[in-house]
Amino acid sequence: MRSTQRARVSPGAALGLALLAACATNPVTGERQLALISEAQEIEIGREAAAQIPATIGLVDDEELQNYVARVGLELARQSERPNLPWSFGAVDDPTPNAFALPGGFIYVTRGLLGLMNSEAQLASVLGHEIGHVTARHSVTMISRQQLAQLGLGLGGILVPEIQAFGGALGAGLELLFLKYGRDAERQADELGFRYALNQNYDVREMPNVFRTLERAGGEERSALPAWLSTHPAPLERARQVEEWIAALPANGRGSRVEQAQYLNRIDGLVFGVNPRHGFFEEDTFYHPDLRFQFSIPSGWAGQNTPQAVQLISQNRDAALQLTLVSGDPDAATREFFSQQGIQAGQPTRTSINGLRAVVTPFQASTQQGVLRGLVAHIAHGGRTYQLLGFTPSGRYGAYGNTFERVIGSFRPVTDRRVLDVQPRRLDIVRLSEATTLQAFARAHDSPVPIEELALINQVEGASSTLQPGALVKRVVQ
């Protein structure tokens, strides 16, 4: 959650389409297929979704890095089968290693993946893969299928049906990122990305290293995005497939552009891992140093933090809590909340929560799936008003009502200097003057991360790996 207030996005707004029952030709395969969305609609979907990215995920605050990613991506896209799309490339401020393509040519790579990669050739292979999804219209096909099946999107997509239509702070643009492509689509995107990179003379031998590194990276951070492994199948199998394509090339036809130094110098100083200044989870508490607040997290609940909201989901996915910034003082914000159609207010209580002026109100909300019950608090703090909302199907309120009250009652100012002064970790690029092992490098250049993580981000096997003189090596600094 960021300190700048942003307007809430209506879930599903980007997917209000007039479907076309017409046939079209896949621009990559040449096959005739049912095209439910025209190219103009495809671009409009992507443009609307891309407009939500700054609010739902956030962009890396580094203009030179953004321009660099855009340059590499545009160089590839302009030689693709669809050069006239309004191609756009950017780096999103998320620690999860991933990359994604929105319909119409709007492509992003995460800060987390940038930190794992080791060369411009690797970046080109990732962007080329995502360009392949767009040129082959994979996301358009999946959106069409979802619409035809009338499947729900939004926060409710991961909750029980009764609450899928209520409370989602994330727009449809973000939900497009959770689409999973099938094995055939991934293979086709790999093949296209391989070809696009090779056409620009990038060394395609760098491409399998990306897959192997992502396989090693394994799990995911708490973030707005799914981990790469949860949206992409069989990375090691795909690495082996790429190696077969490489083996089939002549020795002098595998590309020569690696651009390692240029790439590593560009990511020097990049934030590594979760940026705690934007808020962070620690044990049973969420802290926000910039906005100077904290509140408790129910045991066993999953949480995610985005620029727009902090969201918590119960173990059984049948209850949710959501914190957002809203306009007006607590009284005005309460009136605004209950001006929404279908929400009925109980008796509001004007109170003080840990010294902060607040209005707490029980409510019921009618949705297409049934009636919800919940508790909403509007709390004044630091010249802003926070809306802390808990809700669940009416029949389950007895199991969660006390939890909602405890979380709301735990909202308070942060006073701990350890929290207020916390700073993000960053990558630091070091050029070696002599040969050494990673273990010796770690001793000489202190990093607050385990040696296994240093090995991962430098794409070497482990502590005993030899690093050559003149090599550029990543370390992490606090």
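Author: Contact here means heavy atoms within 4.5 Å. The model is predicted. Let us read helix α12 with that in hand.

Reader: Which residues of α12 are buried?

Author: Buried means under 20% relative accessible area. In α12, residues 330–337, that label goes to Pro330, Asp331, Ala333, Thr334 and Phe337. They span an arc of only 165° around the axis, so they sit on the same side of α12.

Reader: What covers the buried residues of α12?

Author: Strands are part of the cover. They include β12 (320–326), β13 (343–345) and β14 (349–353). Also among them are β15 (356–367), β16 (370–381) and β17 (384–393).

Reader: Which exposed residues does the face turned away from the buried side carry?

Author: Arg335 and Glu336 are the exposed residues on that face of α12.

Reader: Which residue caps the N-terminal end of α12?

Author: Asp329 does. One of its side-chain oxygens is 3.2 Å from the backbone nitrogen of Asp331.

Reader: Asp331 has come up twice. Which side chain meets that of Asp331 in a salt bridge?

Author: Start with the general idea. Side chains of opposite charge can pair when their charged atoms come close. Here the partner is Arg357, at 3.7 Å from N to O. That pair links distant parts of the chain, with Arg357 in strand β15 and Asp331 in helix α12, 26 residues apart. Arg357 is partly exposed, at a relative accessible area of 44%, while Asp331 is among the buried residues of α12.

Reader: How many salt bridges does a search of the whole structure find?

Author: The count is 24. Take Arg418 and Glu282, whose side chains meet at 2.9 Å, N to O. Arg418 belongs to helix α14 (residues 417–420) and Glu282 to strand β7 (residues 280–282), so this salt bridge ties together parts 136 residues apart in sequence. Both partners are partly exposed. Arg418 has 45% relative accessibility, and Glu282 has 29%.

Reader: What is the N to O distance for Arg417 and Asp421?

Author: It is 2.6 Å, between side chains that form a salt bridge. Arg417 is partly exposed at 47%. Asp421 is partly exposed at 41%. Elsewhere, salt bridges with shared partners join Arg71, Glu75, Glu120, Arg257 and Glu259 into one network.

Reader: Back to β7. In what order do the four strands of the open sheet come?

Author: Read them as β7-β8-β9-β18, with antiparallel pairing. The ends of that order need care. β7 and β18 (412–413) each have a single partner strand, so each has one side without a neighbour in the sheet.

Reader: How many bridges pair β8 with β9?

Author: Four, between residues 285–288 of β8 and residues 293–296 of β9. For a landmark, find His288, which stands opposite Phe293 in β9.

Reader: Which helix lies across β9 and β18?

Author: That is α13, residues 397–410. Its direction makes an angle of about 160° with β9.

Reader: Now β12, part of the cover over α12. Why is β12 described as largely enclosed?

Author: Check burial residue by residue. Seven of the seven residues of β12 are buried, so the rest of the structure largely encloses this strand. Next, look at direction. Ala320, Gln322, Thr324 and Val326 point one way, and Leu321, Leu323 and Leu325 point the other way.

Reader: Which strand do four bridges join to β12?

Author: Strand β11, residues 310–313, running antiparallel to β12. Ile313 stands opposite Ala320. The two strands make a hairpin with six residues between them. In the turn, Arg317 has a positive phi of about 55°.

Reader: And which strand do seven bridges join to β12?

Author: β17, again antiparallel. Here Leu321 of β12 faces a glycine, as it stands opposite Gly390 in β17.

Reader: One last residue, His133. Is His133 buried or exposed?

Author: His133 is in helix α4, residues 120–135. With 1% relative accessibility, His133 counts as buried.

Reader: Which side chain does a polar contact of 3.0 Å join to that of His133?

Author: The side chain of His129. Then list the contacts, leaving out residues up to four places away in sequence. His133 touches Ala101, His138, Ser139, Tyr181, Ala185, Glu186 and Ala189.

Definitions and conventions
Residues numbered from 1 in each chain as written. Predicted model: local features only at pLDDT ≥ 70, side-chain atom pairs only at ≥ 80, totals over all residues. Heavy atoms only, no water. Buried < 20%, exposed > 50% of the residue type's maximum accessible area, 1.4 Å probe, protein only. Arc of directions from axis to C-beta. Polar contact = N/O pair within 3.5 Å; in protein donor to acceptor, adjacent residues only side chain to side chain. Salt bridge = Lys/Arg side-chain N within 4 Å of Asp/Glu carboxyl O. Pairing = 2+ DSSP bridges. Axes fitted to C-alpha atoms, helices over the stretch in contact; angles between N-to-C directions.
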